[in-house]
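Let's work through some exercises together, one small step at a time. Keep the sequence and the 3D view at hand, try each task yourself, and then read the solution.

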Amino acid sequence: MPSLPPDLRDVPPAQLFPEVFARDPHHHGFARGGRTAALEALARLDPVQYGRDRSSLDGHVSRVSPYLRHGVLTLAEVRDAALSRVPASAPSRAWKYVNELSWHDYFTRVYAEVGDLVWQDFQPYKTGWPASAYTHDFPEDIAQGRTGLACVDAWSRELRETGYLHNHVRMWLAAYVVHHRRIWWQGGASWFITHLLDGDPANNNLNWQWVASTWRAFPYIWNRGTLQKYAGERYCAACPLAQGGCPFEDTYAALSDRLFRGKAPAPGETGRVNPARLKAVPWEPPPTPTTAPDAVVWVHGDRLSPTHEALTAYPDRPAVFVWDDDLLRHWAVSAKRQTFIHECVQELPAHVLRGDVAAEVIRFARAHGAGTVATTPSPSPRFRTIVAALQSEGLTVQVWPEPAFAASLSPLDLRVHANYWQQVSASAFGRPPALPKKRAARQT
Ligand SMILES: Cc1cc2nc3c(=O)[nH]c(=O)nc-3n(C[C@H](O)[C@H](O)[C@H](O)COP(=O)(O)OP(=O)(O)OC[C@H]3O[C@@H](n4cnc5c(N)ncnc54)[C@H](O)[C@@H]3O)c2cc1C
């Protein structure tokens with residue numbers, strides 16, 4: 001029986017990944033990892049105030065995204081918490097918050113369907129510019145916060161130092177990168193994934209595509225008036241360009257004329273995702289496996305919670321978490337995010353290893369004489385590859401579902417959020433899923 005390398009659970013990530021901690025001076029982000037911290041954040045959630053002021057930088061946003069990203073909290077339990085804070089007779093008071101959670105569910109489902117295509121332009125840019133007009137090198141002045149624009153530089157610093165940006169700031173920064181600097185959105189998305197504690201290819205890339213117009217009918221832009229409406233004077237008061245030269249000081253029409261060649265794709269440009277692929281994505285309640293006597297549990301980065309369904313099903317069986325060296329390198333994951341993940345993992349009853357995930361899980365299963373590996377779902381294509389590798393070694397892989405945020409009676413139309421939301425919103429509010437409404441026949 002193969003022996004196991006020592007347990008790395010209590011080894012600080014600074015010791016595991018010294019090169020990352022040497023180049024990144026920010027070792028802690030805005031949030032502590034782990035279920036205790038997650039529940040504290042959830043206790044502060046105020047869905048009613050959220051509905052009133054979430055667009056303002058000082059509004060009541062919930063800041064639970066890193067916990068959702070790493071499965072410390074599930075969308076279903078965050079939704080339940082939101083609904084529990086409003087009268088049962090008036091769930092619509094939490095409408096805005098539940099609707100925002102639904103964007104997360106929606107983008108995650110799209111990612112599960114298209115996989116690595118989230119890194120490609122779904123559609124052409126509707127800016128009149130061809131994709132080749134967008135630079136691939138990400139500029140250092142943006143990355144280091146040295147553009148001379150007080151707002152952009154403050155956001156760049158906040159991203160690097162805290163791993164969090166308000167949704168409005170993400171939209172503004174992305175629009176600056178893509179439309180003012182004409183940099184391909186993938187460069188900005190990679191930069192965000194490195195630093196955001198909640199960075200994931202589904203919610204990050206698909207929002208970048210929304211801003212860029214590669215998954216929307218027109219590009220998102222903003223102007224100084226909008227900035228001041230939601231952020232006040234905090235940036236402009238400190239900006240050397242406030243009295244002249246501000247690139248955001250204009251009407252929307254003038255900005256659009258200045259930044260774009262038109263409102264349609266450049267001739268000959270095409271996208272990479274055929275909308276038909278998203279029109280009827282099968283949905284079935286995921287089956288719950290039955291326990292096997294010889295299982296081990298594999299905990300991965302999308303569900304780092306002591307409430308993990310496979311850990312709960314197998315409280316007495318050995319569990320493993322593997323730091324995915326390749327992925328951490330590929331995404332250049334920042335020190336603060338590694339600290340966050342480490343803090344989550346420390347709360348789990350898992351043996352911690354590092355390296356090639358499939359190889360280490362196989363080694364762990366063999367060391368415990370296991371024929372079954374029990375885990376939880378993930379939308380990522382990498383997860384599927386690892387599962388296939390385990391199966392090719394003769395292991396049975398059980399996927400224990402987490403509580404669903406929303407259910408559907410029919411295949412989901414994921415072409416646009418509005419269609420998906422129409423199908424699932426009843427169940428997202430705890431009612432039975434509704435059948436899609438029949439469209440009234442057109443009068444001729
Ligand atoms: C360019 C860009 C990149 C983004 N990258 C990510 C990312 O990598 N990971 C990520 O989770 N979100 C991302 N978002 C969406 C959104 O900005 C964050 O989810 C939100 O700001 C997280 O803070 P919060 O928990 O305080 O959000 P709240 O406003 O309190 O919302 C609660 C939850 O609803 C969900 N949500 C809210 N807005 C969105 C949205 N537009 N899209 C998807 N889900 C949403 C999130 O799960 C969020 O945690 C991005 C948005 C943009 C414009």
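## Exercise 1: Two domains side by side

The C-alpha centres of domain 1 and domain 2 lie 25 Å apart. This is a predicted model, in which local features need pLDDT of at least 70 and side-chain atom pairs count only at pLDDT 80 or more, while totals for chains, interfaces and linings use all residues. Residues are numbered from 1 along each chain as its sequence is written, and side-chain values use heavy atoms, with hydrogens and water left out.

Task: Find how many residues each of these two domains brings to the contact, and which three supply 38% of the area that domain 1 buries against domain 2.

Solution:
- Step 1. Mark the bounds, which come from an automatic or database domain assignment: domain 1 covers 33-116, domain 2 covers 121-272 and domain 3 covers 286-399.
- Step 2. Count the residues in contact, meaning heavy atoms within 4.5 Å: 19 come from domain 1 and 21 from domain 2.
- Step 3. Look up the buried area, which is the accessible area (1.4 Å probe) that two parts lose on being put together, summed over both. For domain 1 and domain 2 this is about 1700 Å², with 64% of it on carbon and sulfur atoms.
- Step 4. Name the three residues: Leu57, Arg69 and Phe107 supply 38% of what domain 1 buries against domain 2, more than any other three residues.

## Exercise 2: Rings that pair

Task: Decide whether the pair Tyr67 and Phe340 is stacked, edge-to-face or tilted.

Solution:
- Step 1. Learn the rule: rings of Phe, Tyr and Trp (its six-membered ring) pair if their centres lie within 6.5 Å; planes under 30 degrees apart count as stacked, over 60 as edge-to-face and the rest as tilted. The structure holds 27 such aromatic pairs.
- Step 2. Apply the rule to Tyr67 and Phe340: the centres are 5.5 Å apart and the planes make 50°, a tilted pair.
- Step 3. Place the two rings, using helices (H or I, at least four residues) and strands (E, at least two) that are DSSP runs numbered from the N terminus. Tyr67 belongs to helix α5 (residues 65-69) and Phe340 to helix α17 (residues 335-346), so the pair ties together parts 273 residues apart in sequence.
- Step 4. Check accessibility, where buried means under 20% relative accessible area, exposed over 50% and partly exposed in between (1.4 Å probe, protein chains only). Tyr67 and Phe340 are both buried.
- Step 5. Now take Tyr125 and Tyr134: their ring centres are 3.9 Å apart with the planes at 10°, so this pair is stacked. Tyr125 and Tyr134 are buried too.
- Step 6. Finish with a cluster: ring pairs link Trp103, Tyr106, Phe107, Phe122, Trp215 and Tyr420.

## Exercise 3: An arginine and a serine in loops

Task: Say where Arg182 and Ser213 are found, and whether each one is buried, partly exposed or exposed.

Solution:
- Step 1. Locate Arg182 in the loop between α10 (167-180) and α11 (185-195). At 24% relative accessibility, Arg182 is partly exposed.
- Step 2. Look at its charged end. A charge sits over a ring if NZ of Lys or CZ of Arg is within 6 Å of the ring centre and within 35 degrees of the ring normal; that of Arg182 sits over the ring of Trp129, 3.6 Å from its centre.
- Step 3. Locate Ser213 in the loop between α12 (201-212) and α13 (224-231). Ser213 has a relative accessible area of 0%, so it is buried.
- Step 4. Turn to the backbone. Most residues other than glycine have a negative phi. Arg182 has a positive phi of about 50°, and Ser213 has one near 90°.

## Exercise 4: Inside α11

Task: Find how many of the residues of α11 are buried, and what covers them.

Solution:
- Step 1. Count: ten of the eleven residues of α11 are buried. Among them are Trp185, Trp191, Phe192 and His195.
- Step 2. List the cover, which includes α8 (140-143), α9 (150-162), α10, α12 and α17.

Key. Contact = heavy atoms within 4.5 Å.
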